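Trainee: I should like to go through the terms used for this model and ask what supports each of them.
Mentor: Please do; we shall set the values against the definitions.

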Amino acid sequence: MNIVMPRLGESVEEGTVIRWLKQVGDPIERDESVVEITTDKIDTDIPAIAGGVLSEIRVAEGTTVAIGEVIGVIDTGEDEDAESRVDGAEERTDDSGGEAETIEADELTPAAEAGDGGPLRRARSDRFYSPLVLRIAREERIDMATLESLEGTGKGGRVTRDDLLTYLERRASRIPEPAAEQEDESEYISVSRPAGTEEARVANMDTLRKAIAKHMVLSKQVSPHVTSVSEVDMTHVVRFRDEARERFQQKTGIRLTLTPFFITAIVDALRANPMLNATMDGDRILQWKHVNMGLAVGLEKGVVVPVIRHADEMDFARMAEAAHDLAKRAHDRKLTPDDLKGSTFTLTNPGMWDTLFGTPIINQPEAGIIATGSVKKQVVVQADDSLAIRSMMFLSLSFDHRFIDGLNAARFIRDITRGLESFDTDRVGV
């Protein structure tokens, strides 16, 4: 069975292999992830549609190929023992009906870098190892000799995940941890600078980081950015969120966060200020009928911006569920390129990482982007000159000064501020 580069969106024509999660000779279960791929700004796994053994890797990591191209092959033969196929030469026939090809054992068992004394290869005995155990062994650099020496507590003496973790704990207790400041000098290279030569570690940009870098530079080149900042009293929303959190979760099954409050206030303000829900197209300004809200989601490898389509037609609960779903699928690597297209305005929330406020870069070709800072309790002077402890937050708007003036931006950010400070909690529905 061929593993092909899938089409993950209408406009996607190619994809890049990031990392093979299985090596040639590894057993694969149905629906188990086999390889990680990326297309533009989407990283995702390709699951196996049938169980078997990975018999061939045709596309190396870091290689970009066209959609539909075969990148690997899974041998799904049910009449053979998956664990014994690598013990010697075997024959296989490709899906196109070509001639059988003989593959030597060493082609099916590439050596992985070892940490305990030798390369990790498939078992030469009759002992079975689950894909999970083999994956942990590879990641922790445990060679096959060590793996076979472990006493298994599973059925028939099999080595289980817990057996392997116990071994790793014991190994860690025997090997002292390096000092916090200690660095692997071999990872550094000499680099010439005006002041002389210095040492540096090289970190190559992956496909996602290159795409983000290109998009950020383009945005700055296209739009003259201006950022306005407002201070928002979030006390009313925070108190209600804390009081209604349990009821909301019982009703919807998701946690009540501040995000749907932000989105609701922004959507309301975009309705009142349609110039901000717009795109500049040459000499034309396109004001969009619907609000497609982009949500910046920070991942380890970079930021993606999935989209809530027609957010202006959703009630609070649907908005919260949509935001939760997109964020979860982003972290689970389940987004498709179509999930990232068509936003008309974007929200980013650096405040969740305790950032006070930010000056975000516009997500082209939109008119602006809102950044919400961290909510912190402060002593505030109220209208009657009394002092009170309030939950305060900075709200910043970066906008395209080609067609958004300061007055438009000020009214827009004022409407968001008022919408949050006087939020109608009946809209939450709990």
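**Terms and their grounds**

Mentor: The model is a predicted one. In it, the strands β1, β8, β6 and β3 form, in that order, an open sheet of four strands with antiparallel pairing. β1 (2-4) and β3 (27-28) are its edges, each having a single partner strand, so one side of each is left without a neighbour in the sheet.

Trainee: How do you know that β1 pairs with β8?
Mentor: Two strands count as paired when there are at least two bridges between them. Three bridges join β1 to β8 (residues 70-75), and the two strands run antiparallel. Asn2, for instance, has Val73 in β8 as its bridge partner.

Trainee: What makes β5 and β7 edge strands in the sheet they belong to?
Mentor: That sheet is open and holds four strands in the order β5-β4-β2-β7, with antiparallel pairing. β5 and β7 (64-66) each pair on one side only, and this makes them the edge strands. From one strand to the next, the twist averages 40°.

Trainee: Which bridges hold that order together, from β5 through to β7?
Mentor: Six bridges join β4 to β5 (residues 42-47) in an antiparallel arrangement, and Ser33 stands opposite Pro47 in β5. Between β2 (residues 14-20) and β4 there are four bridges, again antiparallel, with Trp20 bridging to Val35 in β4. β2 and β7 pair in the antiparallel sense over three bridges, and Gly15 stands opposite Val65 in β7.

Trainee: Why is β4 described as largely enclosed?
Mentor: A residue is buried when its relative accessible area is under 20%. Seven of the seven residues of β4 (residues 33-39) are buried, so the strand is largely enclosed by the rest of the structure.

Trainee: Why is α7 called oblique to α9?
Mentor: Helix α7 (residues 259-272) and helix α9 (residues 406-421) pack at about 135°, and their axes are 8 Å apart. Roughly antiparallel requires an angle over 145 degrees, and roughly perpendicular one of 65 to 115. The angle of about 135° fits neither range, which makes α7 oblique to α9. The crossing of α7 past α9 is right-handed.

Trainee: Which residues of α7 and α9 meet?
Mentor: From α7 they are Phe261, Phe262, Ala265, Ile266, Ala269, Leu270 and Ala272, and from α9 they are Phe412, Asp415, Ile416, Gly419 and Leu420. By class, this contact comprises ten nonpolar residues, one polar and one charged.

Trainee: What makes His310 partly exposed, and Asp385 exposed?
Mentor: Exposed means over 50% relative accessible area, buried means under 20%, and partly exposed lies in between. His310 has 32% and therefore counts as partly exposed. Asp385 has 63% and is therefore exposed.

Trainee: What is noted about the phi angles of His310 and Asp385?
Mentor: Most residues other than glycine have a negative phi. His310, although not a glycine, has a positive phi of about 50°; this residue is in the loop between β19 (307-308) and α8 (316-331). Asp385, likewise not a glycine, has a positive phi of about 70° and lies in the loop between β22 (376-381) and β23 (387-400).

Trainee: Which residues does a cis peptide bond join?
Mentor: Most peptide bonds are trans. The bond between Gln364 and Pro365 is cis, with omega about 5°. Pro365 is found in the loop between β20 (345-348) and β21 (368-372).

Technical notes
Residues are numbered from 1 along each chain as its sequence is written. This is a predicted model: local features need pLDDT of at least 70, side-chain atom pairs count only at pLDDT 80 or more; totals for chains, interfaces and linings use all residues. Side-chain values use heavy atoms; hydrogens and water are left out. Axes are lines fitted to C-alpha atoms, for helices over the stretch in contact, and angles run from 0 to 180 degrees between N-to-C directions. Angles under 35 degrees count as roughly parallel, over 145 as roughly antiparallel, 65 to 115 as roughly perpendicular and the rest as oblique. A crossing is left-handed if the near helix is turned anticlockwise from the far one by less than a right angle, and right-handed if clockwise. Contact means heavy atoms within 4.5 Å. Ala, Val, Leu, Ile, Met, Phe, Trp, Tyr, Cys and Pro count as nonpolar, Asp, Glu, Lys and Arg as charged, and the others, Gly among them, as polar. Buried means under 20% relative accessible area, exposed over 50%, partly exposed in between (1.4 Å probe, protein chains only).
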